[in-house]
Amino acid sequence: MALRKILHVGDETLRGKARPVDVLNRRMLMLLDDMAETMYAAEGVGLAAPQVGVLRRAITIDVGDETGLIQLINPEIIASEGEQEEAEGCLSVPGRRGYVKRPQRVVVRGINRAGKPVEIRAEGLLAVAFCHEIDHLDGVLFIDKMTREVDEEDGEESEA
Ligand code: NI
């Protein structure tokens, strides 16, 4: 495994639309594992492939709950319910956080690291993380959607 360089806002790759992954080959598994290592090293709760310069639909998430590490390709939100508005940060937008309206609960469908189709029910922070990472796959950043900026003095850091 290896650390990958995280791109910052201003890099055009972050604004591209990621293509679906059609084969879960060794190169793609290596990408997923590098993304997990890079996410943990940066103390983020999520990372999407475009953030490391790869326009493919792959995400990693670990919000520190009992779910643990999630590595998914071709993730899609197939159902959502409710609303929440929490402060978000992003490893690609250093030094800024903002409030974003997201669903309270989502159901996400994708392919896991073992190549198996899975459906994951998520709520709260995990639902936010899925929405945030899947947005990255379509070139969308939280700063595009935030209702207001968070004063850096308050709240705890949680970047994805
Ligand atoms: Ni992000």
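Two strands count as a pair when DSSP finds at least two bridges between them. Keep that rule at hand while you work through these exercises on a predicted model.

**Exercise 1. Which residue in strand 2 is the bridge partner of Leu 47, and how many bridges join strand 1 and strand 2?**

Step 1. Find the two strands: strand 1 covers 46-48, and strand 2 covers residues 58-61.

Step 2. Look across from Leu 47, and you meet Thr 60 as its bridge partner in strand 2.

Step 3. Count the bridges: strand 1 and strand 2 share 3 of them, in the antiparallel sense. At least two are needed for a pair, so these strands qualify.

Step 4. Now widen the view. These strands belong to an open sheet of 5 strands in the order 1-2-3-6-7, with antiparallel pairing. Strand 1 and strand 7 (117-123) sit at the edges, each pairing on one side only. From one strand to the next, the twist averages 35°.

**Exercise 2. Is Thr 60 buried or exposed, and what does Thr 60 touch?**

Step 1. Check accessibility: Thr 60 has a relative accessible area of 0%. Buried means under 20%, so Thr 60 is buried.

Step 2. List its contacts, leaving out residues up to four places away in sequence. Among them are Leu 32, Met 35, Ala 36 and Met 39, and also Gly 46, Leu 47 and Glu 133.

Step 3. Place some of these partners. Helix 1 spans residues 26-41 and lies across strand 1, strand 2 and strand 3 (70-81), running at about 35° to strand 2. Helix 2 packs on the sheet too, touching strand 1, strand 2, strand 3, strand 6 (105-112) and strand 7. The direction of helix 2 makes about 155° with that of strand 2.

**Exercise 3. Where does Glu 133 lie, and what does UniProt list for Glu 133?**

Step 1. Start with the record: an unreviewed UniProt entry lists Glu 133 under "active site".

Step 2. Locate the residue: Glu 133 is part of helix 2, residues 125-137.

Step 3. Check its surroundings. Glu 133 is buried, with a relative accessible area of 0%. Setting aside residues up to four places away in sequence, Glu 133 touches Gly 46, Leu 47, Ala 48, Gln 51, Ile 59, Thr 60, Ile 61 and Ala 160.

**Exercise 4. How many of the residues of helix 2 are buried?**

Step 1. Size up the helix: helix 2 has 13 residues and reaches 19 Å from its first C-alpha to its last, close to the 18 Å expected at 1.5 Å a residue.

Step 2. Count the buried ones: 12 of the 13 residues are buried, so helix 2 is largely enclosed by the rest of the structure. The buried residues include His 132, Glu 133 and His 136.

Step 3. See what comes next: Gly 139 follows helix 2 and has a positive phi, near 75°.

**Exercise 5. What is the strand order of the open sheet of 3 strands?**

Step 1. Take strand 4 (residues 84-89) and strand 5 (residues 97-102): 6 bridges join them, and they run antiparallel. Ala 87 has Tyr 99 as its bridge partner in strand 5, while Gln 84 stands opposite Arg 102.

Step 2. Move on to strand 8 (residues 148-149), which 2 bridges join to strand 5, again antiparallel. Here Tyr 99 stands opposite Arg 148.

Step 3. Put the pairs together: the order is 4-5-8. The edge strands are strand 4 and strand 8, each pairing on one side only. Helix 2 packs on this sheet, touching strand 4 and strand 5, and its direction makes about 60° with that of strand 4.

**Exercise 6. Which residues is Lys 101 in contact with, leaving aside its neighbours within four places in sequence?**

Step 1. Locate Lys 101 in strand 5.

Step 2. Read off the partners: Glu 83, Gln 84, Glu 85 and Thr 147.

Step 3. Check accessibility: Lys 101 counts as partly exposed, at 46% relative accessibility.

**Exercise 7. How many helices and strands does the chain have?**

Step 1. Count 3 helices and 8 strands.

Step 2. Compare the overall size: a compact globule of 160 residues would have a radius of gyration near 15 Å, and the 14 Å of the chain agrees. Of these 160 residues, 49% count as buried.

Terms used
Residues are numbered from 1 along each chain as its sequence is written. This is a predicted model: local features need pLDDT of at least 70, side-chain atom pairs count only at pLDDT 80 or more; totals for chains, interfaces and linings use all residues. Side-chain values use heavy atoms; hydrogens and water are left out. Helices (H or I, at least four residues) and strands (E, at least two) are DSSP runs, numbered from the N terminus. UniProt positions are given in the numbering used here, feature names are shortened, and annotations may be inferred rather than shown by experiment. Buried means under 20% relative accessible area, exposed over 50%, partly exposed in between (1.4 Å probe, protein chains only). Contact means heavy atoms within 4.5 Å. The expected span of a helix is 1.5 Å times one less than its number of residues. Axes are lines fitted to C-alpha atoms, for helices over the stretch in contact, and angles run from 0 to 180 degrees between N-to-C directions. The radius of gyration is taken over C-alpha atoms; the globule rule is 2.2 Å times the number of residues to the power 0.38.
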